[in-house]
Every structure is written in C-alpha cells, then in structure tokens.
Amino acid sequence: MADDYLVRIGRLIRDARQHRGWTQAQLAEALGTSQSAVNRIERGNQNISLEMIARIGEALDSEIVSLGYAGPMHLRVVGGRRLSGAIDVKTSKNACVALLCASLLNSGRTVLRRVARIEEVYRLLEVLHSIGVRTRWINDGVDLEIVPPAELDLAAIDADAARRTRSIIMFLGPLLHRTDRFMLPYAGGCDLGTRTVEPHMIALRRFGLDIAATEGQYHAVVDRSVAPDRPIVLTERGDTVTENALLAAARHDGITVIRNASSNYMVQDLCFFLEALGVKVDGIGTTTLTVHGVPTIDVDVDYSPSEDPVEAMSLVAAAVVTESELTVRRVPIEFLEIELAVLEEMGLDHDRTPEYFADNGRTRLVDLTVRPSKLEAPIDKIHPMPFPGLNIDNVPFFAAIAAVAQGKTLIHDWVYDNRAIYLTDLNRLGGRLQLLDPHRVLVEGPTRWRAAEMMCPPALRPAVVVLLAMMAAEGTSVLRNVYVINRGYEDLAERLNSIGAQIEIFRDI
C-alpha cells in the first residue's frame, strides 16, 4: 500500500513537471537536490515528506499538496451528457483584475459590482490587504468595497500572492503616482512561456518610471521631472500594456495620447471606470486613446464591470462539443462577433436576441441560443488578432470545436510561446491533434472522445478545453489539480452541473 501511495505521488509530480516544461535536472536545481533524487521520487522509489511535496508544488506552481488548508482540488467528470436550459455569463475576469489595480488611483471608496470570485481576484486582494488597503465583500458577498489607506505600506507586500498573478504588473501605473521608490515581485500566473515586460517599461518610462529587475523584484524609481511630451506609441498592442499606460496617464496632470492601443473589452471597461473617477478618455473602442488626466482623485465611485466574452465563448464551446441546445445569456456580442462568424462558416445553428445594455450602460449584450450542428472544418486557419479580430484567449476553444468538425483545421496560436503544446493534451481523450511547431496545431475531426485521467494543463484556457472534452467523452474522466481553472472561472463545475453536466469536486492527498 505504501509503495502504491509513493508511486501515485511520483506520478503527480512527474506530470506537473512535464506540464511546466521542466526537465528533471531543472526541478532538481530548483529544489537544491540531485536529478537522480528527482528521478527516484517520480518513480515512487523514495520516501518523501509533506514538506518536500509542498516545496515541489511551489517550485512547479502546482498544488500537489497544500499544507495548512484543504489539498488540491480535482474534478471527476461523467461524460456523454447533453446540456440544456440557460446559463448567465459572469463578469469579466480581466476587467475585474484591472479595476482592482485601478482602485489604487482613488483615495475615496470604490465599490465594484458582481466581482468574479476567482483565485486571480483573491491573489490581488491578498496583495492589497498586505499593503494596507481595506476590502470587504458586501451585499451578501456579491459586490466588493475597496478603501485605500492614506499611505500604502509597500514594504509589507505579500510576495507569494503577487508572484502567483501576472496582474501585479498593473500596479506599476498607479504606484508611480504614490511614491518615488518601490519594489514589486516578478509577475507570475499561467505558464505560457516568456512574455516580455519591455513594452510596459517603454510606455511607463515616458512618465519618469525607471525599472531594474534583480533578485526576483522590480526595483522602481520615479523621476517627477519627466512627463510625456509627445504621443506614446505602444510597441505591442497588448491589453495589459494599454491598461498600464492608461493607469499612468489617469493621474498625469495633462493630456496623454496613447497610440496602437488595445481596444479590447477589459480596456474599454477600464476606460469607463476612469471616466467614473473623473478622468476624460477620448477614443474608447479605437486604437488611439486621449487621456485628460487629473492629479488627484478622491471620489466615492460605484461601477459594474461588464460580462466576460471569453467565458461566453467557453460556454458556447461546451454546447458545441457536447452536441447540446443551450442558451447563453448576457453575451457581450461586440467582442464575440468574429468567433460567431467563423462558427457560422463552419455550420453552427444558432440565433440571438436583440441587443441590450450591460449594467455599465455601455457594453452591448445578447442572449445566444446554440443548437446541435453538423460542423465542417473552416477553409482558413484559426488565428488570433488584436480586437476586433478573433480573441487570443478564445483560440484554444476552437481546438475542441475543430475536433468535432469534419475535416482538418489549422490553429495558429502565434502570441504565446507554448500554449499550443497544451492543446495536444486532447489526444489523451481521443483527439487527433498534430503539433507542427510550438505555435501551430493541426486538428482532424470528427472525434470519438474517450474518458481518461490526467493532470490539468497549467494554462487556463487549455485546461477548460480539456474539461469540455471530458464532458463529451462517454465514461468517467478525472482532471487533477484544477487550481488554474479556479484562477479564471467562478464555480464552473457547479454552474455546468446546473445545465446538465455531471462533475464532482473532490480532494485527496
């Protein structure tokens, strides 16, 4: 029995290491041990303490075991069931995290409505608490109240929480207005390969922010004599880069023009929030934003972020992959039009209601009903583009959709270094995906899905894609360590169960 126990632990560690893309030697170096020791652990040939398991989990950013609280969460999925009824899309994860960072601009009370209760939000709240910001859930835990202190205690920042989210990088824009020197831990989050922070640095240098990255920290120094004297041209039309530039411009006493800006959904929500703070923003929804900054912001503000188009896409994909009729309500249609156009080309049978406004009064919503359809592979490859193109985060869902379509589909995920690799995990569930290079996957359908037990991929969207395939596979599947899904989705298993799925949450070790 003990040997079986060690083998199971070793298998979990091996799978987590491989999903991280590490060799045994790399893990050994992180742990300060030998490659042979790691090899013995993974084969179940070495006794291992809970402390060592926890250290391994921290090194791999994988909750293999948790000390002091409940262990990692797993999902047991009984597949082959049809979904039915209706489900509402929740508020945008990416908008919520941007607004949490933006709350640092305001000396007054901020209330955010219907905030997504997800791990990414919890990590940011832990960081905010550690530096002295008061936050509390109000209205039966639906809304979030944020009240900053007169002075932030940046020396007390929760480094562990900060390193578990990439969103921490959006503290740079607000903090440069509050202090002349500060440090932030390196950003973490999904394992999607190297994503440079240099575009952020290029934009923020124009506001006098100089950053040196050493010893796991960003060391920031602000030169108050420096201010933008011409338009800021972003070298990358990225969402968080644009948001950081907006956050810096919001309290710059003057007019800042940002060109090659993202006009994606979370950027628009941030612009609407800044307007509620008294910051005028011209050009919302375009690639040129003109920000009329104000040096002091001290207002009580109440704001409702809009719904999440990526969650909407994942629910549409769930209906397609399980061959179900499902109504997805409160879909932000402006940010899903290209995806629906591609699905129409593939043969999707669906209809939509007339448009109505989200609670922010600006974002256009529809209710979308999807019906079982005979899909054909698209003629063109699936590839993301900055908004209004196909959303980068929606590309993985097309891997599962293409797998149930007739023919071959080329998916080109050019943005991330290795996210496409994780899509090949669908092969363990019966898929036929061929990895052409780290960015391109050829998907052949239709697929006869089969049940399997596997580790959750370390990237959010591929992890959900695996879950959707398990829902379509006859039999019982197990998806282990779903922390990454909880980073981006609130109560996903329970919500899917409400429309006909059969997913059980359990924990072990």
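The following paragraphs lead through selected parts of this structure, which is a predicted model.

The account begins with a loop. Ile157 lies between strand β5, which spans residues 143–147, and helix α7, which spans residues 159–163. Is Ile157 buried or exposed? Its relative accessible area is 15%; because buried means under 20% relative accessible area, Ile157 counts as buried. Leaving aside residues up to four places away in sequence, Ile157 touches Val127, Ser130, Ile131, Leu184 and Pro185. One of these partners, Pro185, stands 28 residues from Ile157 along the chain, and the C-alpha atoms of the two are separated by 8.8 Å.

A residue in a strand may be considered next. Thr288 belongs to strand β12, which covers residues 288–292. Thr288 has a relative accessible area of 32%. This value falls in between the limits of 20% and 50%, and therefore Thr288 is described as partly exposed. Which residues does Thr288 touch, not counting those up to four places away in sequence? They are Val257, Ile258, Arg259, Asp282 and Gly283. As for Asn394, it is 106 residues from Thr288 in sequence, and the distance in space is 24 Å, C-alpha to C-alpha.

The account now turns to a pair of helices. Two packed helices are described by the angle between their axes and the distance between the axes. Helix α14 comprises residues 395–403 and helix α16 comprises residues 460–472; they pack at an angle of about 25 degrees, and their axes are 8 Å apart. Because angles under 35 degrees count as roughly parallel, α14 is roughly parallel to α16. The crossing of α14 with α16 is right-handed. Which residues make the contact? From α14 come Pro396, Phe397 and Ala400, while α16 supplies Arg461, Pro462, Val464, Val465 and Leu468. In the contact of α14 with α16, 7 residues are nonpolar, none is polar and 1 is charged.

The cysteines complete the picture. How many disulfides does the structure hold? The number is 0. Cys101, for example, is in no disulfide, and the nearest cysteine sulfur, which belongs to Cys96, is 11 Å away. A disulfide is a pair of cysteine sulfur atoms within 2.5 Å, so the distance of 11 Å to the sulfur of Cys96 does not meet the cut-off for Cys101. Cys101 is buried, with a relative accessible area of 0%. Cys456 is also buried, and its relative accessible area is 6%.

How values were computed
Residues numbered from 1 in each chain as written. Predicted model: local features only at pLDDT ≥ 70, side-chain atom pairs only at ≥ 80, totals over all residues. Heavy atoms only, no water. Helix = DSSP H or I, 4+ residues; strand = E, 2+ residues; numbered from the N terminus. Buried < 20%, exposed > 50% of the residue type's maximum accessible area, 1.4 Å probe, protein only. Contact = heavy atoms within 4.5 Å. Axes fitted to C-alpha atoms, helices over the stretch in contact; angles between N-to-C directions. Parallel < 35°, antiparallel > 145°, perpendicular 65-115°, else oblique. Left-handed = near helix turned anticlockwise from the far one by under 90°. Nonpolar A, V, L, I, M, F, W, Y, C, P; charged D, E, K, R; others polar.
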